[in-house]
Amino acid sequence: MSSDSTILTPSQMARAAEDAAFGKATSHQLKSFLLALTAGGYIALGFVFFTTSQVGADQMPFGVAKVLGGFVFATGLALVVLTGAELFTSSTLTLTARASGRITTWQLLRNWVVVFVGNFIGALTIVALVYLGRVWEQADGGWGAVVLDVSLKKVHHDFLTAFMLGILCNLMVCLAIWAAYSGRTTTDKVVAVTMPIALFVASGFEHSVANMFMIPLGILVRSYAGQDFWASSGLDQAAYGDLTWASFLVDNLLPVTLGNIVGGGVMIGVLYWTIFHFLDRPGKVIGKATVGTDSAKDTKE
């Protein structure tokens with residue numbers, strides 16, 4: 001493995017990702033849960049930042065407003081990476097350790113469940129703080145209006161659309177995590193995660209943990225905001241009747257979570273495991289070349 005001052009090669013990054021996945025899946029469950037609590041909170045705070053950036057952004061060109069929101073949301077994943085928090089979407093990469101036989105299917109699924117639940121509770125903690133702090137009343141209700149509009153759009157996706165947007169999202173999230181393994185400094189890691197995350201948020205892809213914050217907050221605002229909020233924001237409460245717990249869980253969280261598993265665990269984790277682990281095994285025959293032996297080197301030369 002490279003020294004701390006040397007950037008990792010792609011194959012070394014793949015090994016680092018698998019080692020990290022192994023560490024997560026075999027870690028003490030309470031540790032994983034507590035780290036998952038923080039990750040859920042950090043991603044929620046990223047969405048808080050996003051929401052603030054979008055208040056009044058309808059006066060900006062669509063693309064500019066969305067890219068701005070994507071850049072500020074990346075704060076959440078940067079905090080996850082820098083603090084070692086455990087995020088469900090990146091934990092789908094534990095499929096690499098399972099593919100290598102370093103963990104069992106039970107260890108993989110147990111880790112996913114523990115982290116998913118921890119993320120959910122962490123996100124809901126920020127929901128409670130933001131709601132009770134009446135942050136949604138800022139800008140004459142404009143802040144809450146962003147929450148309501150974004151949440152409503154999310155629950156109006158059909159199952160297939162939400163699933164595909166979940167795949168696209170976690171392609172970018174896991175690429176961001178993967179790229180961060182090459183970083184040797186704080187700056188390296190922050191830069192590595194920012195662009196992929198900005199891309200997924202600006203493009204409207206769907207992240208299960210982020211939605212654990214935004215949609216429940218939208219449900220609370222729709223259900224319990226007083227008439228002063230609706231009057232100052234100029235919104236019609238009846239227009240948000242589809243924001244329910246059932247629509248959140250069935251129409252959004254379920255398909256998005258499944259899509260996140262495919263996008264991150266399979267299309268990034270298993271793909272790179274195949275390239276840098278399976279196909280790079282000493283003695284693995286590919287066509288006429290034998291990978292990892294002198295004959296493979298001779299064939300390439």
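Student: Which word describes how α2 and α6 lie, oblique or parallel to each other?

Tutor: α2 and α6 are oblique to each other. Note that this is a predicted model. Two packed helices are described by the angle between their axes and the distance between the axes. Here α2 and helix α6, residues 105-132, pack at about 45°, and their axes are 6 Å apart. Angles under 35 degrees would count as roughly parallel, so α2 and α6 fall outside that class.

Student: In which hand does α2 pass α6?

Tutor: The crossing is right-handed.

Student: Which residues of α2 and α6 meet?

Tutor: On the α2 side, they include Ala36, Ala39, Gly40, Gly41 and Ala44. On the α6 side, Val114, Gly118, Ile121, Gly122 and Ala123 are among them. By class, the contact of α2 with α6 has 14 nonpolar residues, eight polar and one charged.

Student: Now α8 and α9. At what angle do they pack?

Tutor: About 175°, with the axes 8 Å apart. Angles over 145 degrees count as roughly antiparallel. α8 and α9 are therefore roughly antiparallel to each other.

Student: What meets what between α8 and α9?

Tutor: α8 brings Cys169, Met172, Val173, Ala176, Ala179 and Ala180. α9 answers with Lys189, Ala192, Val193, Pro196, Ile197, Leu199 and Phe200. Of these, twelve are nonpolar, none is polar and one is charged.

Student: On to pockets. What is the volume of the largest pocket?

Tutor: About 620 Å³. The largest pocket is lined by 30 residues, and the closest to its centre are Phe50, Gln54, Lys66, Val146 and Val150. Next, place the lining on the helices. α2 (29-54), α3 (62-83), α7 (142-155), α9 (186-202) and α10 (208-224) each give two or more residues to the lining of the largest pocket.

Student: Which element gives the largest share of that lining?

Tutor: α7, with seven residues. By class, the lining of the largest pocket has 14 nonpolar, ten polar and six charged residues.

Student: How much space lies in the second largest pocket?

Tutor: About 320 Å³. The second largest pocket has 15 lining residues, and the closest to its centre are Lys24, Val81, Gly84, Ala85 and Tyr181. The elements giving two or more residues to this lining are α1 (10-25), α2, α3 and α8 (159-180).

Student: How does the lining of the second largest pocket divide by class?

Tutor: Seven residues are nonpolar, four polar and four charged. Note that α2 and α3 are named for the lining of the largest pocket, and for that of the second largest.

Key:
Residues numbered from 1 in each chain as written. Predicted model: local features only at pLDDT ≥ 70, side-chain atom pairs only at ≥ 80, totals over all residues. Heavy atoms only, no water. 1 Å grid on protein atoms, 1.4 Å probe; cavity = no way out; pocket = protein on both sides within 12 Å on 5 of 7 lines; lining within 4 Å. Points joined across faces, edges and corners; volume = space filled by probe spheres on them. Helix = DSSP H or I, 4+ residues; strand = E, 2+ residues; numbered from the N terminus. Nonpolar A, V, L, I, M, F, W, Y, C, P; charged D, E, K, R; others polar. Axes fitted to C-alpha atoms, helices over the stretch in contact; angles between N-to-C directions. Parallel < 35°, antiparallel > 145°, perpendicular 65-115°, else oblique. Left-handed = near helix turned anticlockwise from the far one by under 90°. Contact = heavy atoms within 4.5 Å.
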